[in-house]
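Please open the model in your viewer and keep the sequence panel at hand, since this tour moves from one selection to the next. At each stop, select the residues named and then read what is there.

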Amino acid sequence: MLWYRHRSAAGGQPRDMDLIGLLHYENADVEKTFATERFNITGHSKGRAQLTISNMKPADSAEYFCAARSTVCHLLRLLYKKLQ
């Protein structure tokens, strides 16, 4: 399971997409940029998982989301069925 931060840029510029880290089963690997005590990934990649951000700051304003392979595959299957 991958965790991302999606920030909007000023002046209509493309938005930044940053990988925060990944969770492989119960093992979290946080990217160096986010490797502080403020960003914490916990849980299990095949079940319930959480991204916790402590001591939030205005600069943390963004969309945060996770992506899992099974989710992408499921969406592609649904799209394929609709195209048939």
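Contact, as the word is used at the first stop, means heavy atoms within 4.5 Å. Please also bear in mind that this is a predicted model.

Begin by selecting S45, which sits in the loop between β4 (39–43) and β5 (49–53). Once its neighbours within four places in sequence are left aside, S45 is in contact with M1, L23, H24 and Y25. Display the backbone of Y25 as well, because the side chain of S45 reaches the backbone nitrogen of Y25 at 2.7 Å, a separation that falls within the 3.5 Å used for a polar contact.

Next come the salt bridges, of which a search of the whole structure finds three. Select D18 together with R5: these two form a salt bridge in which the closest N and O atoms are 3.0 Å apart. The pair links distant parts of the chain, with D18 in strand β2 (residues 16–24) and R5 in strand β1, 13 residues apart. R5 is buried, its relative accessible area being 7%.

Keep D18 selected and add R7, whose side chain meets that of D18 in a salt bridge at 3.8 Å, N to O. Since R7 lies in strand β1 and D18 in strand β2, this pair ties together parts that are eleven residues apart in sequence. R7 counts as partly exposed, at 27% relative accessibility. With R5, R7 and D18 all shown, you are looking at a network of salt bridges that links these residues.

Now move to R38 and D60, which form a salt bridge with the closest N and O atoms 2.9 Å apart. R38 lies in the loop between β3 (27–30) and β4, and D60 in the loop between β5 and β6, so the pair ties together parts that are 22 residues apart in sequence. R38 counts as buried at 14% relative accessibility, and D60 is buried too, with a relative accessible area of 3%.

Which aromatic pairs does a search of the whole structure find? There are two. Select Y4 and F65 for the stacked pair, whose centres are 5.5 Å apart, with 25 degrees between the planes. Y4 belongs to strand β1 (residues 2–7) and F65 to strand β6 (residues 63–67), so parts 61 residues apart in sequence are tied together. F65 counts as partly exposed, at 31% relative accessibility.

Finish with F34 and F39, an edge-to-face pair at 4.9 Å centre to centre and 75 degrees between the planes. F34 counts as buried at 3% relative accessibility, as does F39 at 7%.

Conventions: Residues numbered from 1 in each chain as written. Predicted model: local features only at pLDDT ≥ 70, side-chain atom pairs only at ≥ 80, totals over all residues. Heavy atoms only, no water. Phe/Tyr/Trp six-rings, centres within 6.5 Å; stacked < 30°, edge-to-face > 60°. Helix = DSSP H or I, 4+ residues; strand = E, 2+ residues; numbered from the N terminus. Buried < 20%, exposed > 50% of the residue type's maximum accessible area, 1.4 Å probe, protein only. Polar contact = N/O pair within 3.5 Å; in protein donor to acceptor, adjacent residues only side chain to side chain. Salt bridge = Lys/Arg side-chain N within 4 Å of Asp/Glu carboxyl O.
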